[in-house]
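Student: Could you take one part of this model and go through it closely, strand by strand, before placing it beside its surroundings? I would like the reasoning to stay with what the coordinates support.

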Amino acid sequence: MHETGSSTAAEGRAPPVLLITGLRAGFGRTPVLDGIDLEVAEGELLCIVGESGSGKSVTALSVMDLLPRAAQVTADAMMFRGRDLSVMPERERADLRGNEMAMVFQEPMTSLNPVMPLGDQITEPLIRHRGMGAREAWEVAVEMLRRVHIPAPEARFAMYPHQLSGGMRQRVMIAMALVCRPALLIADEPTTALDVTIQNQMLRLIDELRTDLGTAVLFITHNLAIVSEIADRIAVIYAGRIVEQGSRDEIFGNPQHPYTLALFAAMPRLSDRGRRLASIEGQVPSPDSMPEGCRFAPRCPFAVARCREAAPPLVRIAPEHVVACWRAPLEEMAT
Amino acid sequence: MSPTNLLEVAGLTKSYPGKGRLFGTAPRATVVDGVSFGIARGGTFGLIGESGSGKSTIGRAILRLVEADSGSVRFDGTDLRELDVAGLKRMRRRMQIIFQDPFSSLDPRVRIGRAIAEPIRLHRLRTGAEVDLRVDELLEMVGLASHHGSRFPHEFSGGQRQRVAIARALAVEPDLIVCDEPVSALDVSIQAQVLNLLEELRDRMGMSFLFISHDMGVVRHFASDVGVLYAGTLVESGPAEAVFGDPRHPYTRMLQVATPSLGMTRRTRAAEVRGEPPSPFARIPGCPFASRCPQATEICIERRPPPDAWASGPHRSACWHAEELPTMDGDAGIVADDEAGMTDAYRRRMALLRAARAV
């Protein structure tokens with residue numbers, strides 16, 4: 001029988017580093033997130049897939065506590081390594097950032113200080129959070145730069161970010177994020193602006209580091225091809241709600257939600273020349289004019305009256321797979 | 001060099017002075033280095049390259065938005081580089097460019113109906129009330145409604161702005177459209193909408209395209225012929241099928257290996273994807289890719305291979321070892337069919353989706 005419930009209750013996995021249920025976030029009277037449930041275990045890579053405006057970056061920034069003050073964030077639970085983030089004082093959360101949880105962005109200059117030598121930037125979290133002396137911090141930082149394949153790391157310490165190539169900056173940013181060996185790394189479209197060869201190197205690096213260091217990774221992207229290469233589990237998010245979540249094998253092998261299918265169909269393939277792409281008509285609704293019922297219904301070719309009336313709950317259809325669609329599985333449609 | 005080609009680019013070169021040029025000793029940065037290719041009438045040439053490869057400079061140099069140092073750009077038989085201002089203006093009506101960021105090419109204070117009407121009036125293609133009719137027609141052609149004409153650029157989403165840019169380019173009924181990363185800034189679903197629109201227009205009106213992109217998937221989808229740029233030089237070119245199906249340059253192969261692809265089987269990201277392109281200031285006597293190339297030998301470091309060091313019909317490769325390159329297969333990263341290996345459930349539902357769309 002189908003069981004209604006959150007996407008999180010899976011057994012036999014490592015204890016979650018991050019566990020979120022019912023995350024809501026909004027600005028003023030405009031809700032952006034409407035009850036997000038997520039969980040990432042040690043050494044696991046969870047991809048959050050969605051388009052601009054879906055709320056994937058707001059999810060990440062809520063976890064990091066980096067949203068502007070005007071934002072209201074609430075959650076039924078927001079547990080990080082057994083501690084409840086939603087009741088934690090601001091100062092303690094600031095202490096977690098760059099230490100136990102770290103984030104990398106699409107644009108490396110967002111997190112690099114242009115007027116500070118790289119060496120100071122990389123050793124700073126070690127000195128601040130780990131109480132290391134300058135010498136020890138230097139050694140750890142050099143080791144981390146070596147890990148991210150920066151040639152001659154000692155020589156980079158006196159350099160400034162603008163003296164590095166784009167790919168090198170990305171790697172330095174990752175080194176900075178990981179230098180304190182965080183339990184959780186959040187990567188927000190970290191490879192979108194990169195050339196494919198540099199992107200490939202970055203993905204390999206993130207994969208290596210989570211395997212070697214056991215870092216839990218929350219990887220945000222709209223590119224299913226990247227997801228296909230790195231994800232353990234996938235959460236598909238649309239207009240502030242998770243519409244489908246499951247293991248990589250389930251989502252790729254048994255995709256259920258029409259939005260997930262549409263994302264697959266919209267990808268240009270190396271093999272589909274001459275065929276029109278299956279585009280998704282229309283666009284993501286804006287937060288202040290969310291449709292009733294299923295939020296994908298206005299763009300969904302399978303939508304029926306029920307879809308426009310009531311929001312479908314996330315239903316567990318396999319041990320590692322939940323989906324929120326009245327019409328799933330599509331083969332059983334009446335018409 | 002087919003005489004029937006609409007556009008024929010030969011030996012195009014562009015460099016910029018380096019720092020300290022006051023003393024006349026600084027080396028110049030060569031960003032485009034002797035590039036030659038042609039675009040057939042009604043054909044689509046995809047130019048692939050990573051940042052700094054010179055691909056955008058080539059697009060701009062063709063339209064003379066930047067002036068090349070040397071080489072020729074023949075458009076319908078006329079060398080654009082020899083035209084005076086008046087001649088160039090006449091020719092420009094026949095060539096349009098669409099940029100990655102449509103916002104930057106639209107004046108934020110001008111309603112888009114007027115923005116589209118401007119080139120029509122400028123080139124005196126319509127007069128009086130006919131201009132407005134033409135604007136409505138163009139808006140409809142790109143999937144917008146005529147009431148959109150009274151809106152300002154900021155009222156549009158990224159995908160819609162790109163539609164506006166396309167309508168504006170079509171306004172002058174050009175023979176050639178240069179698209180410089182037209183869908184790179186868009187989400188996949190919107191990207192698909194814009195690509196489909198461009199394809200529809202091409203099929204309907206038969207104009208030629210120079211399609212510049214870093215995305216192999218997008219280029220493969222859209223272009224009939226392709227050129228792969230590396231450090232300002234065209235390292236491989238030819239029919240899309242030949243270049244993607246049997247790449248004869250190690251850099252093309254590296255790009256293919258590095259491009260993530262959908263599939264049930266997770267590909268091991270290949271360790272041979274390494275290094276970065278050389279600086280445009282570097283004077284490299286040999287092949288610019290040699291320092292990153294797993295196949296490089298002495299000759300590669302010493303002598304630069306000509307664009308047709310290897311050729312098989314229109315398929316050319318600037319590689320001394322093109323002939324001996326190992327056969328590529330799935331293990332090496334080339335996936336012949338991305339949907340191969342997908343489950344029955346996946347295929348079944350994709351078929352349902354396509355069927356539902358068709359209704």
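Tutor: What follows starts with one strand of chain A and then moves outward to a hairpin, a helix and the contact between the chains. The model is a predicted one, and every statement below should be read with that in mind.

The part to look at closely is strand β10 of chain A, which covers residues 216-221. Six of its six residues are buried, so the strand is largely enclosed by the rest of the structure; buried here means that 20 or more other C-beta atoms lie within 10 Å of the residue's own. In a regular strand the side chains alternate between the two faces of the sheet. In β10(A), A:A216, A:L218 and A:I220 point one way, while A:V217, A:F219 and A:T221 point the other way, and the residues of both sets are all buried.

Two strands can be followed from here as pairing partners of β10(A). Strand β4 of chain A, residues 45-49, runs parallel to β10(A) and is joined to it by five bridges, with A:V49 standing opposite A:T221. Strand β9 of chain A, residues 184-188, is likewise parallel to β10(A) and joined to it by five bridges; in this pairing A:A187 has A:F219 as its bridge partner.

An antiparallel arrangement appears elsewhere in the chain, where nine bridges join strand β2 (residues 16-27) of chain A to strand β3 (residues 30-41) of chain A. A:P16 stands opposite A:A41 of β3(A), and the two strands form a hairpin with two residues between them, where A:G28 in the turn has a positive phi of about 60°.

Burial also marks helix α1 of chain A, residues 56-64, where eight of the nine residues are buried, so that the helix is largely enclosed by the rest of the structure. Among the buried residues are A:K56, A:S57 and A:T59 as well as A:V58, A:V63 and A:M64. The helix is followed by A:D65, whose phi is positive, near 60°.

Finally, the contact between the chains takes 48 residues from chain A and 50 residues from chain B. On the side of chain B that touches chain A, at least two residues each come from α6 (188-205), α7 (216-222), α8 (240-245), α9 (250-258) and α11 (344-358) of chain B. Of these helices, α11(B) gives the largest share, 10 residues, and the residues on that side of chain B divide into 23 nonpolar, 13 polar and 14 charged.

Key:
Residues numbered from 1 in each chain as written. Chains lettered and ligands numbered in written order. Predicted model: local features only at pLDDT ≥ 70, side-chain atom pairs only at ≥ 80, totals over all residues. Contact = placed C-beta atoms within 7 Å. Helix = DSSP H or I, 4+ residues; strand = E, 2+ residues; numbered from the N terminus. Nonpolar A, V, L, I, M, F, W, Y, C, P; charged D, E, K, R; others polar. Pairing = 2+ DSSP bridges. Buried ≥ 20, exposed ≤ 12 C-beta atoms within 10 Å, placed from the backbone.
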